[in-house]
2 protein chains.
Amino acid sequence: MNDIIVQKFGGTSVADTEKIKNVAKAVLKEKNLGHDVVVVVSAMGHTTDILTKMAKDITPNPSSREMDMLLSTGEGVSIALLAMAIQAQGCDAVSMNAIQVGIITEKIHSKARILEIKTDKIKQHLEEGKVVVIAGFQGVTDDLEITTLGRGGSDTSAVALAGALKAKRCDIYTDVEGIYSTDPRIVPRASKLKQISYEEIMELASNGANVMHPRAVETAMIHNTPVRVRSTFKLDDYGTLILGANEMEIQKPVTGIASDLSRIRIVVCDVPDNPGTAALLFNELAKENISVDMIIQSYARKDLHTNDIAFTMEKDDLNKAMKVLEQIKPDLKYSKVFADEKIANVSIVGAGMIGKPGIAAKMFKTLANLGINIKMIATSDIKISCLVDSDRANDAVEALHTVFGLDSKEIAEVKGDLPNI
Amino acid sequence: MNDIIVQKFGGTSVADTEKIKNVAKAVLKEKNLGHDVVVVVSAMGHTTDILTKMAKDITPNPSSREMDMLLSTGEGVSIALLAMAIQAQGCDAVSMNAIQVGIITEKIHSKARILEIKTDKIKQHLEEGKVVVIAGFQGVTDDLEITTLGRGGSDTSAVALAGALKAKRCDIYTDVEGIYSTDPRIVPRASKLKQISYEEIMELASNGANVMHPRAVETAMIHNTPVRVRSTFKLDDYGTLILGANEMEIQKPVTGIASDLSRIRIVVCDVPDNPGTAALLFNELAKENISVDMIIQSYARKDLHTNDIAFTMEKDDLNKAMKVLEQIKPDLKYSKVFADEKIANVSIVGAGMIGKPGIAAKMFKTLANLGINIKMIATSDIKISCLVDSDRANDAVEALHTVFGLDSKEIAEVKGDLPNI
């Protein structure tokens, strides 16, 4: 059996029939290198928006089960058309939706997680020389209910398929040329990275570097599948290779800088300093599927016997969170709640910062020099995040990019030859 | 368990979101009568045309397997939107595609026949008080390949579901108000029939009265399911009830007149008068899935030891048929072949003509009086068809409508009360 390459093309790459023909060429190119090729595609262009609008014309609150039924038709169209386009270029191909493959997920509509991928039918098609074109974003439960995977769903489909098929590599084709040290729209001197580790890209992605969804990166990390982010429109470009930190030559403590404006900060004031109050609060939020990022609980003021609890979350979840807080007010006994929308989460990320002291201090000092106030701080092994005023986010990113030595293009690139992946 | 009513709505009935909301009202109306309701829908309006055009943009000859994958997405959209619309009107509903139901077909793409319909999941939903909205036109093979049922597919889906569920009735909602004694566009005095038998509608349909596909009628007949053809836009109209001939009070030898312009006549000249030549010809045509209607073989001319064989078939199949004839020329040894496009097949249909002599003679005499030449004749128990020049078809239909007493509106309607179906 040949090495398997999984390719993923997003909605803009298959926006019309001409673009689909071009994608077929990219598929043939990989196939002609002697690989078995599995292609994962999203719905064409604005299909999802059009379908969503039709649903909203019918009812303002369509059920998530029927929304999944509706949206999953989008990939149904693109997989069939791409299979036809590949066949038209003389290569046998077959399209498969999630039910046909057996992409088994939890029974949660609109954001299901993949539990298992059946590979027998795919492998049979590959052995017969066919390119297999698979619908991204969608899954199916044990009892044949159609689910969708939520944000970054097609990336996750592709990487999970690559893992299940033990693919040599998963190529995420997109409209950018790779992953940069920071957002080039903010810092024009941002440099394209030739390599980055799963851990770093994950921290960058969850902080607003939207090239690949963290779920997809996490899935790649679990299976240790090398991922290449590359341009649909520059097929000869290498792009950026994502692989395990232990397989990289680590050069700099900081690989990239991210800035995330999608969050909101909630502060719950004067919560009684009793055991279990924080548990109550975050348990109720979790029940409503609200993901919380940073959490800070102020130290208990002995005189008042109360705390303030602050946390950040997605702006979209604000109404849901406020409803939860209203409901638990009798139990939580807080004095008031306020929401702060004008925040940005600025992070420095790098597997190389492990065991290197002084990185955090350098970041705080840089921000202080600019007169930027730090509202909250969160750290992990390979990331330090500071919540700052959203108006100052770009200043912070620019300064940190320079301070951590990312301005020079060569530094961001890997030394020596690129690996043959 | 309540009586089950299966409703079927075609593409024009669900052409946009407003029309889908109206269909939801028709569904609720039936549900509120205390019935369990299963709804079968086609793809919205011109969806199938749009999808077909995209496929043709990709390649002039898309594979039928991928066309089925592509086209089946059309009903995926309409079932989800209709389920949402029913929910929005306060009634629980669930959409199901062919895979989810288990509408098992042969593994023949683009015109599969239904082998089995699994009813357990549908019944479970109905027991929970839900309206079940099912994708018409599509099926699935044992190994999860998606198929489509070809022409009249959604009607067939609806009637087959009604049969499998032992429904009280299957309502085919359409843009006409029922079935007429002949095409009202040709004979304005055509009368709407209150009742017609399966056998009669089948003969009428296969002769160009396109209200319901003969496959669908045949399926209803097998299960003895009463079918009502009724208007989506006049919900209070009774429409036309189709049921078994033995359940009808037969009044007139001729119930309806049909005229079919979709056929072509092929004449194969001077075929040797040997055993097996006709078998060879029609066997090879059947291999290419070409359906032949009338067949006439001239008596063998003893002096020449050859026959002429004439037959009719769909105009669309002409190129395929000519290719077959070319291939078998060395074996069939005919002198020449010609095709006659300017033909019409005019038929009189009526379960009441069984055992009544003179009906055929009356038809031939009517045509002779008009100076219309009969090119071919075919008869069945309840139908007599004459192939005539297409220019004279309307004259023939008009005259036959009068001669067989169909002009008077009352005669075409059933005597006494309508059955409570």
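Helices and strands here are DSSP runs, numbered from the N terminus. The model is a predicted one.

**Exercise 1. Place B:Ile382 in the fold of chain B and decide whether the residue is buried or exposed.**

Step 1. Locate the residue among the elements. B:Ile382 sits in a loop of chain B, with strand 21 (376-380) on one side and strand 22 (383-389) on the other.

Step 2. Apply the cut-off. Buried means under 20% relative accessible area. B:Ile382 has a relative accessibility of 7%, and therefore counts as buried.

Step 3. List the partners. With neighbours within four places in sequence set aside, B:Ile382 is in contact with B:Glu199, B:Glu200 and B:Glu203, and also with B:Ile348, B:Val349, B:Gly350, B:Ala351, B:Met353 and B:Ile354.

Step 4. Compare sequence and space. B:Gly355 lies 27 residues from B:Ile382 along the chain, and 9.9 Å separates their C-alpha atoms.

**Exercise 2. Describe the interface between chain B and chain A: its area, its polar pairs and the elements of chain B that form it.**

Step 1. Take the extent. In the interface, 40 residues of chain B are in contact with 40 residues of chain A. The buried area is about 3,100 Å², and carbon and sulfur atoms give 68% of it.

Step 2. Find the residues of chain B that lose the most area to chain A. These are B:Ile58, B:Glu66 and B:Met84, which together account for 22% of what that side buries.

Step 3. Count the polar pairs. The number of salt bridges between the two chains is zero, while twelve residue pairs are in polar contact across the interface.

Step 4. Assign the surface to elements. On the side of chain B that touches chain A, two or more residues each come from helix 1 (17-32), helix 2 (47-58), helix 3 (64-88), strand 3 (93-96) and helix 4 (98-101). Helix 3 of chain B has the largest share, 16 residues.

Step 5. Sort by residue class. This side of chain B holds 24 nonpolar, nine polar and seven charged residues.

**Exercise 3. What operation lays chain B on chain A, and which C-alpha of chain B is nearest the axis?**

Step 1. Read the operation. A turn of 180 degrees with a shift of 0.0 Å along the axis lays chain B on chain A, with an RMSD of 0.1 Å.

Step 2. Name the relation. Such an operation is that of a two-fold axis.

Step 3. Find the residue at the axis. In chain B, the C-alpha of B:Thr73 is nearest, at 2.6 Å from the axis.

Step 4. Check the surfaces. Of the contact residues of chain B, 100% recur in chain A; the same surface serves both copies.

Notes: Residues are numbered from 1 along each chain as its sequence is written. Chains are lettered from A and ligands numbered from 1 in the order in which they are written. This is a predicted model: local features need pLDDT of at least 70, side-chain atom pairs count only at pLDDT 80 or more; totals for chains, interfaces and linings use all residues. Side-chain values use heavy atoms; hydrogens and water are left out. Helices (H or I, at least four residues) and strands (E, at least two) are DSSP runs, numbered from the N terminus. Buried means under 20% relative accessible area, exposed over 50%, partly exposed in between (1.4 Å probe, protein chains only). Contact means heavy atoms within 4.5 Å. Buried area is the accessible area (1.4 Å probe) that two parts lose on being put together, summed over both. A salt bridge is a side-chain nitrogen of Lys or Arg within 4 Å of a carboxyl oxygen of Asp or Glu. A polar contact is a pair of N or O atoms within 3.5 Å; within protein, one must be able to donate a hydrogen and the other to accept it, and residues adjacent in sequence count only if both atoms are side-chain atoms. Ala, Val, Leu, Ile, Met, Phe, Trp, Tyr, Cys and Pro count as nonpolar, Asp, Glu, Lys and Arg as charged, and the others, Gly among them, as polar. Copies are superposed by least squares on the C-alpha atoms of residues with pLDDT of at least 70 in both.
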